[in-house]
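Me: Could you walk me through this one, a question at a time?

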Amino acid sequence: MSTSLVHGHHGRDSRITRCAAVLLVLGAVAASAGVVWSPARTWPNLLVNGFYLVSLALAAMVFTASQRLTGARWSASLRRVPEAFAAILPVASVLLLVVLL
C-alpha cells in the first residue's frame, strides 16, 4: 500500500502544485498586461511588491536565526513557516532586480 493512501493525501499535492502554477501564469499575464497598458502604475506596484517579498523573507530569516541562536524550543512547531518564507528570498531577489533594472 502506498504512503499516500495511508496518510490520506489522495493527490492533494499535485492539485496544489497545478493550482499554484495556474496562479503564477495568471499573475505573469496580469503584470505583462499592466506593463503594456499602464506602465506608470504597474512598475511602482511591482517595485513595492518586490520590496515586500524581500523584507518578508529577510524578517523570517531573522526570526529563524534568533530562535536557533537562543536555543528556543517553544518555536519548534512554528519554525517551518518562517523557513518557508525565507525560501522565497532567492526568487524575490531576482524578481526585484529585474524590476530595478
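Reply: Sure, and a definition to start: helices (H or I, at least four residues) and strands (E, at least two) are DSSP runs, numbered from the N terminus. This is a predicted model, where local features need pLDDT of at least 70, side-chain atom pairs count only at pLDDT 80 or more, and totals for chains, interfaces and linings use all residues. Residues are numbered from 1 along each chain as its sequence is written, and side-chain values use heavy atoms, with hydrogens and water left out.

Me: Where is Gln67 found?

Reply: Going by those DSSP runs, Gln67 has a helix as its home. That element is helix H3.

Me: Is Gln67 buried or exposed?

Reply: Buried means under 20% relative accessible area, exposed over 50%, and partly exposed in between (1.4 Å probe, protein chains only). Gln67 comes in at 10% relative accessibility, so it counts as buried.

Me: Which residues is Gln67 in contact with, leaving aside neighbours within four places in sequence?

Reply: Contact means heavy atoms within 4.5 Å. With those sequence neighbours set aside, the partners of Gln67 are Ala72, Trp74 and Ser75.

Me: And Gly34, is that buried or exposed?

Reply: Gly34 sits in helix H2, which covers residues 12-37. Its relative accessibility is 17%, so the verdict for Gly34 is buried.

Me: Which residues does Gly34 contact beyond its neighbours within four places in sequence?

Reply: Asn45 is 11 residues from Gly34 in sequence, and their C-alpha atoms are 10.0 Å apart. The contacts of Gly34 outside that four-place window are Pro39 and Thr42.

Me: Which helices each supply at least two residues of the nonpolar patch?

Reply: Patches are made of residues with over 30% relative accessible area and no salt bridge (a side-chain nitrogen of Lys or Arg within 4 Å of a carboxyl oxygen of Asp or Glu). Like charges are joined within 9 Å, and nonpolar side chains (Val, Leu, Ile, Met, Phe, Trp, Tyr) within 5 Å. Here Tyr52, Leu53, Val81, Phe85 and Ile88 make a patch of about 430 Å², with areas from the Shrake-Rupley method, a 1.4 Å probe and, for residues, only the protein chains shown as cover. At least two of its residues come from each of helix H3 (39-70) and helix H4 (80-86).

Me: How does Ile88 count, with a relative accessible area of 31%?

Reply: Ile88 lies in the loop between H4 and helix H5 (89-100). Its 31% falls between the buried and exposed cut-offs, so Ile88 is partly exposed.

Me: What pattern does the protein chain follow along the sequence?

Reply: The chain has 5 helices and 0 strands. Read along the sequence, that gives α-α-α-α-α.
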